[in-house]
Amino acid sequence: PLLFAVLSMGVLVYAVIQPAVAVVTGNNILKPQVWLSLLSAVIVITGTFVMVPGIGILGAGLALLTAEIAISLGYLFFARQWLARNGLLWPRHAFYTAVAAVCIAGLSMGALIAFPGMKWLILPLGLVLLALNLKIYWNRLPAVAIERARQLIAKIPGKRIISKIPGIKILFGQIFRV
C-alpha cells in the first residue's frame, strides 16, 4: 500500500505541475528542460542506489517521487520567470488550491495506510476536505470559466439524482444550481 501511495503521489505531483510544464515547453525554453531532465535522472539513479538496499522497491518509488517534486519546483520557477518577463502572472490561487488537493490526497492515503481500521472515518473526511477544496477553487474561478463549466455540468446524465445525495446540495449547490 505504501508503494502504491508513493507512486500515486508522483502522478498527482506530475498532474498539478502541467500548467508550468506547458509554459516552459510551449515557449521552447530548452536549457531548463535539459537541466531538469538531467536533475531528474541523477535523483532517480542516486536515490535508487541509496534507498533500494535498505527499504527495497519502496526506495525506488521514493526516488521517483523525490525527482518528480524536484523537477516540478524547477518547472514552476522557470514558468513563473517567463511569465513575469512577459508581463503575466502565475495563477497562484488556482495553483495553491490544486496543490492543497494533492496534499489532502497524500495525507488521506497516508492516514489510510497508517490506520486501516479507521478507514470509514478517514475516507469520508478526506472526501469532504477535497469537496471543500473544490468549492474554494470554484469560488475563485472567473465568471466566464464558471459559465462554461456549468454548460458542461448541465450535460452530465443523472445530474438531478447526484444533486439529491445528502451533502451535495450544501457543498455543490452553486455548481449544480440546485
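Where does S72 lie? In this predicted model, S72 lies in helix 4, the run covering residues 57-85. As for exposure, S72 has a relative accessible area of 6%, so it counts as buried. Leaving aside residues up to four places away in sequence, the contacts of S72 are with V13 and I17. Another residue from that stretch of chain, V11, gives a sense of the spacing: V11 and S72 are 61 residues apart along the chain, and their C-alpha atoms are separated by 12 Å.

Moving on to the aromatic rings, the structure holds 3 aromatic pairs. One of them joins W90 and F95 in an edge-to-face arrangement, with 5.4 Å centre to centre and 70° between the planes. That label follows from the angle, because planes over 60 degrees apart count as edge-to-face. F95 also pairs with Y96, and here the rings are tilted, at 6.0 Å centre to centre with 55° between the planes. The 55° angle of F95 and Y96 falls between the cut-offs of 30 and 60 degrees, which is why the pair is called tilted. Taken together, ring pairs tie W90, F95 and Y96 into a cluster.

How exposed or buried are the members of this cluster, W90, F95 and Y96? W90 has a relative accessible area of 10%, so it is buried. F95 comes out at 12% relative accessibility and therefore counts as buried too. Y96 is at 45% and so counts as partly exposed, since the buried class stops at 20% and the exposed class starts over 50%.

Helix 7 takes up residues 143-154, and its length can be checked with simple arithmetic. With 12 residues at 1.5 Å a residue, helix 7 should span 16 Å, and its end C-alpha atoms are indeed 16 Å apart, so the two values agree. The buried residues of helix 7 are I146, A149, R150 and I153. These residues cover an arc of only 105° around the axis, which means that they sit on the same side of helix 7. The spacing behind such a pattern is a familiar one: an α-helix has 3.6 residues a turn, so residues three or four places apart point the same way.

Conventions: Residues numbered from 1 in each chain as written. Predicted model: local features only at pLDDT ≥ 70, side-chain atom pairs only at ≥ 80, totals over all residues. Heavy atoms only, no water. Phe/Tyr/Trp six-rings, centres within 6.5 Å; stacked < 30°, edge-to-face > 60°. Buried < 20%, exposed > 50% of the residue type's maximum accessible area, 1.4 Å probe, protein only. Helix = DSSP H or I, 4+ residues; strand = E, 2+ residues; numbered from the N terminus. Expected span 1.5 Å × (residues − 1). Arc of directions from axis to C-beta. Contact = heavy atoms within 4.5 Å.
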